[in-house]
Amino acid sequence: MWTFYFERLIVSLPSFLNGIWVTVQISGLSLIGGTLMGLVTGILRTRDVKVLRGLITIYVDVVRGTPYLIQIFIFFFILPEWGLPLEAFGAAVASLTLYAGAHICEIVAGGIESVPRGQWEAARASGFNWLQQMRLVILPQALGSILPPLVGQYVLLIKNSSIVSVIGLMDVTRVGWLTVQRVPEGLMVFGLVGILYFCVCYPLIQLSRWFERRLTIRDTTL
Amino acid sequence: MLSTFNFRVITDYLPLFLQGLRATLWISAMAMSGAFMIGVPACICRLSRVRLLSAPAAAYIDVVRSTPLLVQLYFFYFGLPSLGLRLTEQHIGIMVLSLNSGAYIAEIIRAGILSVHPGQVDASIACGLNLFQRMRYIILPQAIGETIPPLLGQAVVLVKDSALLSLISVFELTRAGQIMASERFMPAEGFFTTAACYLLLYYILKSFSGWWRHRLAAQKAL
């Protein structure tokens, strides 16, 4: 019986490869988009502009306070009604970008705030303008506390991309879901899907730990 | 946009949402206690010097953290019947959420225990305390306070993750939103009400976490 199921699983191998490609595309695009979004909002949040701060805080809270499943539903079912027709692919990438952006915003803002105030003052005293202060003094120091959670966030993003399968996108989770309707061996099918995610996410988690050991600047060294 | 938003319908469906809110709270509470029952032993095993204990615990934690919750959910939902196990959808959901959160809780508690200064441990060994006494009098009292904010963070994640149970037709908040959206063809009203309910839970947990952090900081300042 197991060999019979195994053969049917082999038959669906091409669709699994397709699914992997869709997952890679969606996670890759929203990873880039989310990083940019998070970097910009994170940096802006540390500036003393009340309105901007308030808006970004609302954005971060709403995204972090609601399940991603609801967010993808809103993007896929509601935005078209309000005159913003998004295909499933666009809705997936847009919602994942906003989702990752909010979390990365927190990470970036936290990293910047962890740099001692004196560094800002010293940079300003050296005659740097705001952009130079940020780029030459603050960000290089903040990187140590940004990189480890940032890579961790990428893992979360890749894992959450499995949820886009509910709006019919043929990602690897959706392929598994369709396969299990024909091959009723849930342990085998989703075991395989799980292994695929594991192969990507586990090395990233190790990378995050490695960054943590290497880059975290302890303030006791001074 | 808002002019077409039908507030009347929401009041009609309020009982359904309250029921969904109750179900979400119940599921989250059950899963959170299940996660503790898995996470605390897993953490103790992980910290053990006996490899026969620490290796399986580490493997469990890594596998859970490297695969999407949705895939874990499908793995058990489609897989258990082929093992001859028949559980209700709600029980499967609570089990998977417990297994998932258990791994994160194990890591949180481990970080809390490791955050206790090594000198404290050395001193307590020098005082002749055995392992149990060291845990009870020296390590845990210091570690517990530190772990409360991340544990509340994990509770937020758990409440949001429980939305995925709607995909295996467990009745909870998200399911309530879906029912309303499909019965009245009003996805906006349905999903925004659901989102508002989750936001409410998020702000309650977040403010409690903030209050606790404040307390911790005040304690340290003393």
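Let's begin with a space you can look for in the viewer: the second largest pocket, which holds about 700 Å³. Keep in mind as you explore that this is a predicted model. To find the middle of the pocket, turn to chain B: among the 21 residues of the lining, Ile44(B), Leu47(B), Ile113(B), Leu131(B) and Met135(B) are the closest to the centre.

Which helices of chain B each supply at least two residues of this lining? They are helix 1, covering 7–47, helix 4, covering 89–114, and helix 6, covering 131–161. Helix 6 of chain B gives the most, contributing 10 residues to the lining. As for chemical character, 17 of the lining residues are nonpolar, while two are polar and two are charged.

Now let's move over to chain A and its cysteines. Across all chains, the structure holds zero disulfides. Cys199(A) is in no disulfide, and the nearest cysteine sulfur to its own belongs to Cys201(A), 9.6 Å away. Cys201(A) is likewise in no disulfide, its nearest cysteine sulfur being that of Cys199(A) at 9.6 Å. A pair counts as a disulfide when the two sulfur atoms lie within 2.5 Å, so at 9.6 Å these two are not counted as one.

Is each of these cysteines buried or exposed? Cys199(A) has 51% relative accessibility, and because the cut-off for exposed is over 50%, this residue counts as exposed. Cys201(A), in contrast, has 0% relative accessibility and so counts as buried, the cut-off there being under 20%.

Terms used
Residues are numbered from 1 along each chain as its sequence is written. Chains are lettered from A and ligands numbered from 1 in the order in which they are written. This is a predicted model: local features need pLDDT of at least 70, side-chain atom pairs count only at pLDDT 80 or more; totals for chains, interfaces and linings use all residues. Side-chain values use heavy atoms; hydrogens and water are left out. Buried means under 20% relative accessible area, exposed over 50%, partly exposed in between (1.4 Å probe, protein chains only). On a 1 Å grid over the protein atoms alone, a cavity is a set of points where a 1.4 Å probe fits but cannot get out, and a pocket is an open set with protein on both sides within 12 Å along at least five of seven lines; lining residues have an atom within 4 Å of a point. Grid points are joined across faces, edges and corners, and a volume is the space filled by probe spheres set on the points. Helices (H or I, at least four residues) and strands (E, at least two) are DSSP runs, numbered from the N terminus. Ala, Val, Leu, Ile, Met, Phe, Trp, Tyr, Cys and Pro count as nonpolar, Asp, Glu, Lys and Arg as charged, and the others, Gly among them, as polar.
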